[in-house]
Amino acid sequence: TLPQRVRLVEMAPRDGLQNEPGEVVATDIKIELIERLARAGLTHIEATSFVSPKWVPQMGDAREVMAGLQRAPNVTYSALTPNLKGLENALEARVSQVAVFAAASEAFSKKNINCSIDESLARFEPMMARAFDAKVRVRGYVSCVLGCPYEGEITPRQVARVAKALYEMGCFEVSLGDTIGVGTPLAARRMIDEVARVVPVEHLAAHFHDTYGMAIANLFAVLEQGVAVIDASTGGLGGCPYAKGASGNVAMEDVLYLLEGLGIETGVDLAAVVETGEWISGKLGRESASRVARAMSAR
Ligand code: HMG
Ligand code: MG
């Protein structure tokens, strides 16, 4: 059965912009994007990453983005933190939530965060304690849940092992990333079946990239399993710098249109999101990747 309400987590400022080729997007544009998204009704926005600027230059202004933001009282502004150094910087910048990120694939873990899966999990343990002290909640990501750009097939069991470890160390939610968008609905369902045995489904989020155009179909499949948190990116912005050829997260506009059609509440204003997607796509000099946005703008 479908959930009555879905919580949406906006990815454009982080997952969207981290992969932007060429010039670094200006800090004031990032800030305006986040503020517009909040005005559209998005209550959880991943704003930036406190990662090494040598690895991801686009996120090098994390501190300035957080400092420049006019924060809305009901909005959670989260940031990725790969290690203690990133966590300390994020806390200093007064983020409302942080996220650690692991992978179900060894090769991807090495490429993305320069350590093995187990090394990453060990690295997160002291971060959990520090975040707990600071009263900041920690989200956990697992990448490559439906396939890896380096290793190919990934089994549901590999995903469940990492998801369980993150949940047991204290992540309040585990977001399952189809990093390269290769999944199909039954594969997504089998993966959730296995993971939900070790992490209750109400603590799972779907983070699907739309590289092969399957994200909406996959989301419908896992909504029916009770997944009620969806990560999406306005304008379909993004990708992962360590997953060649990966395109953006599923577009927020497309997800909103799907959920409206299913009669599922989100509290988000589709028209305002479409407008924001058009605005940021214009700033980046491209057409929106969202089919819904293009259709609605053409009307
Ligand atoms: P490393 O080179 O092994 O780390 O990188 P290190 O500890 O040896 O440090 C190297 C240098 O970076 C040092 O500077 C550190 O001070 C600095 P130097 O002494 O050379 O001047 N440094 C930092 N600076 C700022 N903030 C920090 C930080 N840490 C170290 N936090 C590291 C290891 C994890 C740092 C690196 O690999 C990294 O930053 N990786 C991040 C990669 C990334 O952001 N990927 C994209 C996000 S994940 C994603 O998109 C997937 C997701 O969307 C889900 C999905 O779709 O699957 C979440
Ligand atoms: Mg992602």
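This passage describes the surroundings of ligand 1 and the setting of strand β7 in a predicted model.

The shell around ligand 1 comprises 28 residues, of which Val51, Gly86, Ser143, Gly177 and Thr179 are the closest. Two or more residues are contributed by each of the elements α1 (12-18), α4 (84-92), α5 (106-113) and β5 (137-143). The largest share comes from α4, which supplies 3 residues. Classified by residue type, the shell contains 13 polar, 12 nonpolar and 3 charged residues.

Strand β7 spans residues 204-208, and 5 of its 5 residues are buried, so the strand is largely enclosed by the rest of the structure. In a regular strand, side chains alternate between the two faces of the sheet. Both faces of β7 are covered: Leu204, Ala206 and Phe208 are buried on one side, and Ala205 and His207 are buried on the other.

Strand β6 (residues 173-178) pairs with β7 in the parallel sense, over 5 bridges. Within this pairing, Val174 has Leu204 of β7 as its bridge partner. The connection from β6 to β7 runs through helix α8 (residues 185-195), and the resulting β-α-β crossover is right-handed.

Parallel pairing is also found between β7 and strand β8 (residues 229-232), here over 2 bridges. Ala206, one of the buried residues of β7, has Ile230 as its bridge partner in β8. Together with helix α9 (residues 215-223), β7 and β8 form a right-handed β-α-β unit. Strand β7 thus takes part in parallel pairing with β6 and with β8.

How values were computed:
Residues numbered from 1 in each chain as written. Chains lettered and ligands numbered in written order. Predicted model: local features only at pLDDT ≥ 70, side-chain atom pairs only at ≥ 80, totals over all residues. Near = placed C-beta within 6 Å. Helix = DSSP H or I, 4+ residues; strand = E, 2+ residues; numbered from the N terminus. Nonpolar A, V, L, I, M, F, W, Y, C, P; charged D, E, K, R; others polar. Buried ≥ 20, exposed ≤ 12 C-beta atoms within 10 Å, placed from the backbone. Pairing = 2+ DSSP bridges. Right-handed = clockwise from strand over helix to strand, strands pointing away.
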